[in-house]
Amino acid sequence: KFVAKGDVVMIKPNIGWDRTPEMAACTNPEVVRALVEMSLAAGAKKVVVMDNTTNQAQRCYARSGIQAAAKEAGAEVPFVNARRIKKMAVKGEWMKEWDIIQDFIEVDKLINVPIAKHHSLCRVTMGLKNWLGAIGDPRNQLHQKLDEAMVDLHGFFKPTLTVLDAWRILVRNGPQGGRPSDTKLLKTVVAGRDGVAVDAMGATFFDIAPADLVYLKLAGSRGLGRIDLEKLAIEKRTV
């Protein structure tokens with residue numbers, strides 16, 4: 001339904017931190033592996049896995065387990081090339097322009113694969129926050145209006161699919177965590193075309209009503225997605 005024969009697919013996990021999967025700071029490598037395998041099975045010509053990390057990229061790619069898992073599944077896993085960053089018009093309500101990593105827009109299909117975790121600035125970080133890994137620095141300047149920036153970036157990138165990794169979520173000390181006891185094992189993945197609705201579902205894993213998150217309320221009011229989960233048709237599968 002999402003990937004066609006000959007497509008170039010970009011899979012955008014959160015690889016931001018020099019942490020092992022047990023810490024739930026980065027997307028689970030097995031979720032990334034499965035998406036690479038499924039994309040190639042659907043006929044993708046090439047699958048790329050990339051993120052603009054917060055900690056040193058080589059350490060994050062390796063320690064998260066994502067680099068090895070993605071390569072084993074057949075993906076290319078490049079580091080961000082500074083020469084591939086270009087200022088572009090975001091045309092958001094707050095973000096008018098920013099440096100965008102071209103790899104994320106020069107593809108046929110873009111799949112956003114965040115992890116659900118606690119965040120000290122915006123309560124939780126999931127799909128919309130994950131777009132900060134597709135842009136250039138200085139990203140810390142966005143913290144003054146983080147909710148607005150997240151929503152503007154989601155409207156700019158418009159992913160084909162959002163797959164929220166909630167296999168093991170980080171419930172404290174986010175975004176990078178401190179110890180395995182800060183995590184909670186849910187063994188759950190949420191997928192959907194509507195990235196806002198996926199984040200809304202993710203909020204419930206932290207016992208947060210979607211409308212209580214500023215960025216989700218903002219995204220809903222701008223028509224970028226739905227947060228009224230009770231009115232959505234949600235299919236639940238148990239494997």
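1. How many of the 10 residues of helix α5 (residues 195-204) are buried? In this predicted model, the count is 9 of 10, and the helix is therefore described as mostly covered, buried being under 20% relative accessible area. The buried residues include V196, V198 and M201. They pack against two helices, α4 (146-157) and α6 (214-221), and against the strands β8 (161-170) and β9 (183-192).

2. The start of α5 also deserves attention. There, D194 places a side-chain oxygen within 2.9 Å of the backbone nitrogen of V196.

3. Two packed helices are described by the angle between their axes and the distance between the axes. For α1 (residues 29-41) and α3 (residues 66-73), the axes come within 8 Å and cross at roughly 20 degrees. Because angles under 35 degrees count as roughly parallel, α1 is roughly parallel to α3. The crossing is right-handed. Helix α1 contributes P29, V32, R33, V36, E37 and L40 to the contact, while α3 contributes I66, A69, A70, E72 and A73. Of these residues, 8 are nonpolar, 3 are charged and none is polar.

4. Most residues other than glycine have a negative phi, and most peptide bonds are trans. The following residues depart from that pattern. The bond between D137 and P138 is cis, with omega about 5 degrees; P138 lies in the loop between β7 (123-125) and α4. The bond from G174 to P175 is also cis, with omega near 15 degrees, and P175 is in the loop between β8 and β9.

5. R123, in strand β7, has a positive phi of about 75 degrees. N173, in the loop between β8 and β9, has a positive phi of about 60 degrees. R123 counts as partly exposed because its relative accessibility is 44%, and N173 is partly exposed at 44%.

Terms used: Residues numbered from 1 in each chain as written. Predicted model: local features only at pLDDT ≥ 70, side-chain atom pairs only at ≥ 80, totals over all residues. Heavy atoms only, no water. Buried < 20%, exposed > 50% of the residue type's maximum accessible area, 1.4 Å probe, protein only. Helix = DSSP H or I, 4+ residues; strand = E, 2+ residues; numbered from the N terminus. Contact = heavy atoms within 4.5 Å. Polar contact = N/O pair within 3.5 Å; in protein donor to acceptor, adjacent residues only side chain to side chain. Axes fitted to C-alpha atoms, helices over the stretch in contact; angles between N-to-C directions. Parallel < 35°, antiparallel > 145°, perpendicular 65-115°, else oblique. Left-handed = near helix turned anticlockwise from the far one by under 90°. Nonpolar A, V, L, I, M, F, W, Y, C, P; charged D, E, K, R; others polar.
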